[in-house]
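Reader: I would like to learn how to read the features of a model such as this one, step by step. Could we begin with the charged side chains and then move on to confidence, rings and the surface?

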Amino acid sequence: MSTYAAAVIEVENPQTRVDSFYRPGLDILRALALVLVFVAHGLVWHLDKPTQLGAIGRAGEFGVCIFFFLSSYLITELLLREKRETGTVHISAFYVRRILRIWPLYFTMIGVGCIYGHFSATHTVSLAWGAALMLLFTNWYTVDHGYPPGFLFPLWSISLEEQFYLLWPCIVKYASPGALLGVSTLLMAAAYVTLARLLQQGQILDPGIWANSLVQFQFFALGTMTAIVLRGRVPNLSKPMRWGLFVAGLLCLRAAQAAVYSSDPVLPHDLEHIAPRYLIALLGCLCLFFSCLQLPAGRLQTPFIYLGKISYGLYVFHALWLGVARDLLKPFAHGHLRGLPSELIAMAIALPATVVTGMVSYRYLESPFLRFKKRFTVVRSRPI
């Protein structure tokens, strides 16, 4: 019997299943991360300007880092629970679960982008870009060639996450929690060694440094460390403390914004000035995480939990609808409508369209694969 078949049989045996792990507050954090990214991409015309809108947009880019942090926290927690209860990590089953969760929507969007590119010169997907997207090498190609064409540009981060998923279950299977902390520390150190080398070479901050896997792995490392230290526990924090952490987290991301864009004139682009901004962003991710971790699934939180549940689709589709909205408002580009910047009007148009598209995608495209994914699940998490 093959290793894969054995893994499937063992996972499908109810006796191998362990207690579920789901924190609704983390779906709320996902929704927040999506809002931050949406704002950043909605204010794209301001990102290279030394204005408050530009700073807010640059800070919003760290929403992607929150996604990275959450992914590593949850993956590590689930794998460690699986290992404790079953004595091993079913690597083949893990890969199947990730493929069923990520690939259907990811490759569907690539197909849509390629078809649309035949009718729009600004959205044309070249053979090289197509290969990078299909092989999940997008972020590395982005480092040297800029972001993917048209509304496919958010997909760079998905390829980076997939690189983490490829390596991490094998490491968790054979390493103790203490060793995992050591590996995470090495990843954190490697991020800053890489950052130092790239800055010394004159590499631009975005996308040359921003899209580099080794630099972004610091957020995965922090999520892993958090999972190992907490061991599934939820600290009992008072409501004022959680609100304080929430505000502090947003302020940290605002303070870290100058690390994102090379055209920002505020800071010199050297390690002395850029590295502390990344460290502040790490602190911001931690503050926001602990501000949301304890939140229950109450009536007031339900809409935000649902947005977090469908956040993958929202992330994939938001650039498409922002582009459509901007096209509708082209006569007013860089102008104002009734006293409001046209970018804000475009965001107001794109947001509900993104949510509706994400809802349809989750129900009709993603959910069938998620139901099948349950057959390969050892530790149950969020219900479908």
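Author: Let us start with one pair in this predicted model: R101 forms a salt bridge with E366, and the closest N and O atoms are 3.0 Å apart. R101 belongs to helix 5 and E366 to helix 16, so the pair ties together parts that are 265 residues apart in sequence. Both R101 and E366 are buried.

Reader: How many salt bridges does the structure hold, and which residues are linked in a network of them?

Author: The structure holds five salt bridges, and a network of them links D27, R30 and R382. Within that network, the side chains of R382 and D27 meet at 2.7 Å, N to O. This pair links distant parts of the chain, with R382 in the segment after helix 16 and D27 in helix 2 (residues 24-42), 355 residues apart.

Reader: Is D27 buried or exposed, and how does one decide on a class for R382?

Author: The class follows from the relative accessible area, where under 20% means buried, over 50% means exposed, and anything in between means partly exposed. D27 has a relative accessible area of 1%, so it is buried, whereas R382, at 23%, counts as partly exposed.

Reader: Which residue forms a salt bridge with E77, and where do the two partners lie?

Author: R81 forms that bridge, its closest approach to E77 being 2.5 Å between N and O atoms. Both residues lie in helix 4, four residues apart, which is about one turn of the helix. R81 and E77 are buried, with E77 at 1% relative accessibility. Leaving out residues up to four places away in sequence, E77 touches F21, R84, A227, R231 and G232.

Reader: Before I rely on such details, where in the protein is the confidence lowest, and where is it highest?

Author: It helps to take the average and the extremes together. The protein averages a pLDDT of 91, and 91% of the residues score at least 70. The lowest confidence is in helix 1 (residues 3-12), with a mean of 43, and the highest is in helix 11 (residues 213-230), at 98. Over residues 1-16 the pLDDT is below 50, and this stretch has 22 contacts in the model beyond near neighbours in sequence.

Reader: Turning to the aromatic side chains, which two numbers should I look at?

Author: A pair of aromatic rings is described by the distance of the centres and the angle of the planes. The structure holds 23 aromatic pairs. In one of them, the rings of W243 and F246 have centres 5.9 Å apart and planes at 85 degrees, so the pair is edge-to-face, an angle over 60 degrees being the cut-off. W243 and F246 are three residues apart in helix 12 (residues 239-256), about one turn of the helix. W243 is exposed, at 55% relative accessible area, while F246 is partly exposed, at 23%.

Reader: How is the pair of F372 and F376 arranged, and which rings are linked into a cluster?

Author: F372 and F376 form an edge-to-face pair, with 5.5 Å from centre to centre and 75 degrees between the planes. F372 counts as partly exposed at 37% relative accessibility, but F376 is buried at 3%. The cluster is linked by ring pairs among F68, F94, Y95, Y147, W156, F164, Y165, W168, F217 and F220.

Reader: What does A256 contact, leaving aside its neighbours within four places in sequence?

Author: Here the idea is to set position in sequence beside position in space. A256, in helix 12, is buried with a relative accessible area of 0%, and its contacts beyond those neighbours are F62, R277, I280 and A281. A256 and Y278 are 22 residues apart in sequence, yet their C-alpha atoms are 6.4 Å apart. In helix 16 (residues 342-373), T354 is likewise buried, at 1%, and under the exclusion of neighbours within four places T354 is in contact with F38, L314, F317, H318 and W321.

Reader: Finally, which residues make a nonpolar surface patch?

Author: M134, L135 and F137 make such a patch, of about 340 Å². M134 lies in helix 6 (residues 127-134) and counts as partly exposed, at 46% relative accessibility.

Methods. Residues numbered from 1 in each chain as written. Predicted model: local features only at pLDDT ≥ 70, side-chain atom pairs only at ≥ 80, totals over all residues. Heavy atoms only, no water. Patch = residues over 30% accessible without salt bridge, like charges linked within 9 Å, V, L, I, M, F, W, Y side chains within 5 Å. Areas by Shrake-Rupley, 256 points an atom, 1.4 Å probe, with all protein chains shown as cover. Salt bridge = Lys/Arg side-chain N within 4 Å of Asp/Glu carboxyl O. Helix = DSSP H or I, 4+ residues; strand = E, 2+ residues; numbered from the N terminus. Buried < 20%, exposed > 50% of the residue type's maximum accessible area, 1.4 Å probe, protein only. pLDDT = per-residue confidence, 0-100. Contact = heavy atoms within 4.5 Å. Phe/Tyr/Trp six-rings, centres within 6.5 Å; stacked < 30°, edge-to-face > 60°.
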